Amino acid sequence: MIGIDSARLGPALGGCRIKPYDRWQDGLDDVLRLSAAMTRKAALAGLDHGGGKTVVALDGSAFDRDDLLADIAGLIEDLDGRYITGPDIGTGPADMGVLHRHTPHVLCRPEEEGGSGDSSGPTALGVRSSIEAVCEHLWPGRDLADLRFTLIGLGHVGARIGHWLAGRGARLTVTDLDPGRKTLARQWNATWTTPERALSAEADVLVPCATGGLLTAATTSSVAAGAVVGAANNQLDHDDTAQLLHARGVLWAPDTVVSGGGIIASVARELRGASAPEAEREVLGIGPRLATILDDARARGITPLRASQGLVDLRLRTGR
Ligand SMILES: NC(=O)c1ccc[n+]([C@@H]2O[C@H](COP(=O)([O-])OP(=O)(O)OC[C@H]3O[C@@H](n4cnc5c(N)ncnc54)[C@H](O)[C@@H]3O)[C@@H](O)[C@H]2O)c1
């Protein structure tokens, strides 16, 4: 299933997700929800692109991966450039290389094949820039070494954030479902906790870099940190959860802004021919953009989510 939520600002961008679903209709729900989130992410990243998504709902039957990828590429090619795909859950740069044999509308092929490769580096850079913006907003002039961070998920993005925070001397509590990641905790001199206890661990900043849906009406009351800033997509189960966090005095930085580094860099490098340092400079624009949103939210007494949504609406209304 390919969903194009909006092409108002330009061709829709969004990754290709291949995973099992109990019912294919759940995959359809996902393609609609995730393509809408991509519209917001692309608009907030300042890109002239809309939001889209591909979901392949596996039902347990055997399949040939190359044949499946050729089918997906055929559908994308039929859309004639109105939708551009990239990696997501269940796909990676190598799969993008296979898709690219059949259609040019693909980002993040391996670098040796002419793409921009794994996007977790630029994504992590955008998260770093966001963490700095949030800390400066809440605690102006404070060094990161004086703050406590809880990091959930030590995968491609989270491990990079952990290295950076440890290098800055920050006090770290970390967790991952994979106990093998305790090695990283030891390297960073970080305290290891369980995923269940991570939300309530004493911290100034919570950094979710695992899966989505972490923050719900039921879990917000456990959040001990003063701010939540991380790469995980769809952190809130529902937009109303942003208001619950706000009411408790927890600053939640919209994930659609924070995690935009990957698409900003791949669009810059692959669609506009920018160099890696140029793309990096664009990614570092995420922090200042987030700071503007936080200032606007503070001045109007609204949630950062609402302030960011106002920017999306403005871009979609004016087409600029
Ligand atoms: N990689 C990117 O460029 C990118 C871009 C935008 C957004 N994101 C989002 O950022 C998040 C992290 O991405 P990634 O590429 O690092 O993924 P990843 O799969 O490499 O890492 C995720 C890590 O989280 C752990 N994990 C999963 N569920 C957990 C739980 N309940 N508690 C604790 N740990 C758990 C996994 O064991 C894994 O180590 C995802 O939500 C992803 O959608 C990633």
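Domain bounds here come from an automatic or database domain assignment. The exercises below use a predicted model.

**Exercise 1. Divide the chain into domains and state how far apart their centres lie.**

Solution. Step one is the division: domain 1 covers 2-37 + 51-113, and domain 2 covers 120-258 + 289-313. Step two is the separation, taken over C-alpha atoms: the centres of domain 1 and domain 2 are 28 Å apart.

**Exercise 2. State what confidence the predictor assigns to the protein chain and to the complex.**

Solution. Begin with the residues: the average pLDDT of the protein chain is 97, and 100% of the residues score at least 70. Then take the complex, for which the predictor gives an ipTM of 0.99 and a pTM of 0.96.

**Exercise 3. Decide how the radius of gyration of the protein chain compares with the globule rule.**

Solution. First list the secondary structure: the protein chain holds 13 helices and 11 strands. Its radius of gyration is 19 Å, close to the 20 Å that the globule rule gives for 320 residues, so the chain is as compact as a globular protein of that length. Next come the dimensions: the C-alpha trace spans about 50 × 45 × 40 Å along its principal axes. Burial follows: 50% of the 320 residues count as buried. Last, consider the contacts between residues at least 6 apart in sequence: 64% of them join residues at least 24 apart.

**Exercise 4. Trace the open sheet of 6 strands and identify its edges.**

Solution. Read the strand order as β8-β7-β6-β9-β10-β11, with parallel pairing. The edges are β8 (191-192) and β11 (251-252), each of which pairs on one side only. Within this sheet, take the pair β6 and β7: β6 (residues 148-152) runs parallel to β7 (residues 171-175), and 5 bridges join them. At residue level, T150 has T173 in β7 as its bridge partner.

**Exercise 5. Determine whether strand β1 is largely enclosed or open, and find its pairing with β4.**

Solution. Count burial first: in β1 (residues 2-6), 4 of the 5 residues are buried, so the strand is largely enclosed by the rest of the structure. Then examine the pairing: 4 bridges link β1 to β4 (residues 50-58) in the antiparallel sense. One residue pair to locate is I4 with its bridge partner G52 in β4.

**Exercise 6. Describe the largest nonpolar core and the surroundings of A253.**

Solution. The core has 90 residues, and V205 and A253 touch the most other members. Helix α4 (residues 120-138) gives the most to this core, with 7 residues. Now check the domains: at least three core residues come from each of domain 1 and domain 2. In soluble globular proteins, nonpolar side chains tend to be buried together. For A253, set aside neighbours within four places in sequence; the contacts are then S130, V134, A227, V228, V229, V258, L290 and P304.

**Exercise 7. Classify W24 as buried, partly exposed or exposed, and place it in the fold.**

Solution. A residue needs 20 or more other C-beta atoms within 10 Å to be buried, and 12 or fewer to be exposed. W24 has 13 within 10 Å, so W24 is partly exposed. Its place is in helix α1 (residues 24-44). Beyond neighbours within four places in sequence, W24 is in contact with A57 and D59. For a distance check, use A190: W24 and A190 are 166 residues apart in sequence, and their C-alpha atoms are 41 Å apart in space.

Methods
Residues are numbered from 1 along each chain as its sequence is written. This is a predicted model: local features need pLDDT of at least 70, side-chain atom pairs count only at pLDDT 80 or more; totals for chains, interfaces and linings use all residues. pLDDT is the predictor's confidence in each residue, from 0 to 100. Helices (H or I, at least four residues) and strands (E, at least two) are DSSP runs, numbered from the N terminus. The radius of gyration is taken over C-alpha atoms; the globule rule is 2.2 Å times the number of residues to the power 0.38. Two residues are in contact if their C-beta atoms, placed from the backbone, lie within 7 Å. Two strands pair if DSSP finds at least two bridges between them. A nonpolar core is a set of buried Ala, Val, Leu, Ile, Met, Phe, Trp, Tyr and Cys residues joined through C-beta atoms within 7 Å.
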